[in-house]
Structure formats: structure tokens, C-alpha cells
Amino acid sequence: MKGKGTPILFEAGAGNDGSVWDNILEKIHKVTGTTLITYDRSGFGKSELNPNLKSDTDFGILNGMKELETGLSRLGYDNDIILVSHSYGGLYNLLYANKHPKKVKSVVLIDVTLNNFWNDELLTMRDNNVDISTIPKPSGDYFLNVNYNETMRYARSIHFPDSIPLLNIFPENSLPGLPEELSTRWRKLHEELDDNKDNVTNIIAKGSGHAVFLDNPSLIINAVVKAYSKTLDKEQQIELLPKALDNAMELSIETKMNNRSEQDLNALGYSFLGNEELDKALEVFKLNTILFPDSSNAYDSYGEALLKSNRKAEAIEMYEKSIELNPENENGKKMLIQLRQQ
């Protein structure tokens, strides 16, 4: 989808093609107006296998990277770019960002395969449970699996540059079918990704499974829009904000019945708050109270933002409303005591 501004590249997970992103692209493009790129890796979707490659190892992830770079170059999008990935596609983001750190403006990871998850013990376990002989050959699936162990060993020594902002989104529910021990390890490594790193922000997608972009599309749409907004100057950000808020409102109305939209808006508000973008945070938190007038948490968050903006009287009103809706709101009670003593 062509547009103007820093383009956004979407990497699908293992066994998937670019069509998995179809449900969120229109809304992202509507807000950002920038170029959005999806593609099918060799042997998946509409992409045929490269007839010039002969051995199994020729079809490894390094060749996949070469084909990606060639494709972007021919399209004319081999300069500044934003990367978005799901699952196995995170390794492509990792390799590309490591190789082209000055070109990658930011990365949005969606429950990706982290490079340190598959140690040798787990790879041996995987070998005992995956029968490659049952996978049709030649095919993208076959070459992905036959090269899987080597890919994981290669990726262990590679890390995202500290200069690139990472938004790491992962669900509270682990990958389906994983034993408890492995799902705990998966979650723990994701939680630790932002340890002592100023460039990494973790977000837990509550109520979602592995494919967060399907279970909670509004969260992913807003996350990508936010990442894109960071590439704009102040004047352009101001122009983008009304579109982003309109989009957030539409998404909230669409999904109001399952209550995820309230959490999404709250997360968006706190992301603005954390970046000292108080005006944007106030708009989002206020919108949340309008859309969800029965939510104690919405008023509590709005009160916090008002307090940071030195609007004490209004903050008190929001905390009072929050406690009225939820008398068990201990944080709201604590804040009211502190404000009234000042």
C-alpha cells in the first residue's frame, strides 16, 4: 500500500504469508498515510522457491535475508524503515536491524521467537518431536524446518542494537501446545527483554493468544501508529494526533463489548505519559472516560495525568469519581489523601 513517509515492513510468522496482516493494514494506512509492505517468503503464499538454489542449506535464513534486501531495493524502499514482526518473523527483524542499524527507525515485536529461547537441549527435544520426513519436499515449510536448528544457533550471537527503539508485545497466554516448562521460559525471556534497556518497552496483551494482531487488533494498530509517529517532527505529530484519536475511538466502539479497547486506550495514554507528551496523554485518558464512563480505572488514569499536568482540582474530581465507581480502589484513596494534605 503506497504512501508517504517512513515505510513499514511486516514480517509474518513461520509457515505464514503476508496475508495474515490483512485485517489491520487499512486502518494503519488510514491514520499514517505511509507505505505498508507485506510479502511472502520464498516457498510460501504466492512466492515460488528460488530455482537457482540447489542444496537444503541454500534455503536458510541468510538467503531469506538476501531475498528480502533484493526485494526492498527493487521496490525503492531500502533506506529508512520501520519493522513489525510476529513469531518466527522476529528473527528476520533481528537480522535486518543488526545488519542495517542506521536504516531501522523502530521495531514492533509481536510475541516473537527470541534468539535465546532455543538452547541445544530444547533443539534436541524439538528434533525428537518433529518428523521432517513427513513435510512435503520441496516446500517453504520443509526448508524452514530442515534449517531450523542452524538458524537458532546462528541467531543466538545476534542482538538488536541499543540505538533502535523496540516495542515488545506478548500475550499473557503462551503458545498453544507448549509444555508448561517451555511456556514459562518463553514468557520469562520476554519479560526480561527490557531489563536495564532504555530502548525496550514491554506490553502484555491481556486475554490474547499467540496471534495478538488477530485477538486484539486495536492494540497492534495503535502500537504501529505510535511507532510511526516517532519518525515525524512535532508539527507532523500534531497533524497525526486527531487521526490517531479518531482511529482509537472507532476501534474502541467496534470492540467495546469485550472491553479490550479500554485497556488499549489506557496503554496508549500511558505510552504518551511516559514520553512526557502530556497533551496527548490527556486527550486519550479523557476519551477513555467518555467511552467507558463506568470504569473506575479510566478515571484513575485520567486523574494521574491531570496531576502530572498540575491540574490538581480536576485530578481530585477524577480520583473521587474513580473511588465512587470502585470503593476498593486503594490507589485512588491514597492519592486523594496526599492531594488534600498538600
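## Two helices that cross

Is the crossing in which H3 passes H6 left-handed or right-handed? In this predicted model, H3 passes H6 in a left-handed crossing. If you would like to find the pair on screen, helix H3 covers residues 89-99 and helix H6 covers residues 148-155.

Two packed helices are described by the angle between their axes and the distance between the axes. For H3 and H6, the axes come within 11 Å and cross at roughly 45°. An angle counts as oblique when it falls outside the roughly parallel, antiparallel and perpendicular ranges, and H3 and H6 are therefore oblique to each other.

## The sheet

Strands of a sheet pair through backbone hydrogen bonds, either parallel or antiparallel. Here, six strands make up an open sheet with parallel pairing, and their order is S2-S1-S3-S4-S5-S6. At the edges sit S2 and strand S6 (200-205), each of which pairs on one side only. From one strand to the next, the twist averages 15°.

For a closer look at one pairing, take strand S1 (residues 8-11) and strand S3 (residues 81-86), which are joined in the parallel sense over four bridges. Leu9 has Leu83 in S3 as its bridge partner.

## The largest pocket

Next comes the empty space. Rolling a probe the size of a water molecule over the atoms shows where empty space is left. The largest pocket holds about 530 Å³ of space. Its lining is made of 23 residues, and those nearest the centre of the pocket are Asp40, Ser47, Glu67, Leu68 and Gly71.

Which elements supply at least two residues each to this lining? They are strand S2 (36-38), the edge strand met above, and helix H2 (61-75). H2 gives the most, with ten residues. Sorted by class, the pocket lining has nine nonpolar, eight polar and six charged residues.

## Enclosed cavities

How many cavities of 30 Å³ or more are there? The count comes to three. The largest cavity contains about 200 Å³ of space, and 17 residues line this cavity, with Ser42, Phe44, Phe59, Gly60 and Tyr92 closest to its centre. H2 appears again here: H2 and helix H5 (140-146) each supply at least two lining residues, and H2 has the largest share, with four residues. The lining of the largest cavity divides into eight nonpolar, seven polar and two charged residues.

The second largest cavity has a volume of about 110 Å³. Among the residues that line this cavity are Asn222, Val225, Leu240, Leu241, Phe272 and Lys280. Helix H9 (217-229), helix H10 (234-254) and helix H11 (260-274) are the elements that give two or more residues to its lining. By class, the lining of the second largest cavity has six nonpolar, three polar and two charged residues.

## Backbone details in two loops

Two backbone details are worth a look as you trace the chain. Which residues are joined by a cis peptide bond? Lys137 and Pro138 are, with an omega of about -5°. Pro138 has its place in the loop between helix H4 (120-129) and H5, and H5 is also one of the helices that help to line the largest cavity.

The other detail is at Ser87, where phi is near 55°, a positive value in a residue other than glycine. Ser87 belongs to the loop between S3 and H3. That loop brings us back to H3, the helix that passes H6 in a left-handed crossing.

Definitions and conventions
Residues numbered from 1 in each chain as written. Predicted model: local features only at pLDDT ≥ 70, side-chain atom pairs only at ≥ 80, totals over all residues. Heavy atoms only, no water. 1 Å grid on protein atoms, 1.4 Å probe; cavity = no way out; pocket = protein on both sides within 12 Å on 5 of 7 lines; lining within 4 Å. Points joined across faces, edges and corners; volume = space filled by probe spheres on them. Nonpolar A, V, L, I, M, F, W, Y, C, P; charged D, E, K, R; others polar. Pairing = 2+ DSSP bridges. Axes fitted to C-alpha atoms, helices over the stretch in contact; angles between N-to-C directions. Parallel < 35°, antiparallel > 145°, perpendicular 65-115°, else oblique. Left-handed = near helix turned anticlockwise from the far one by under 90°.
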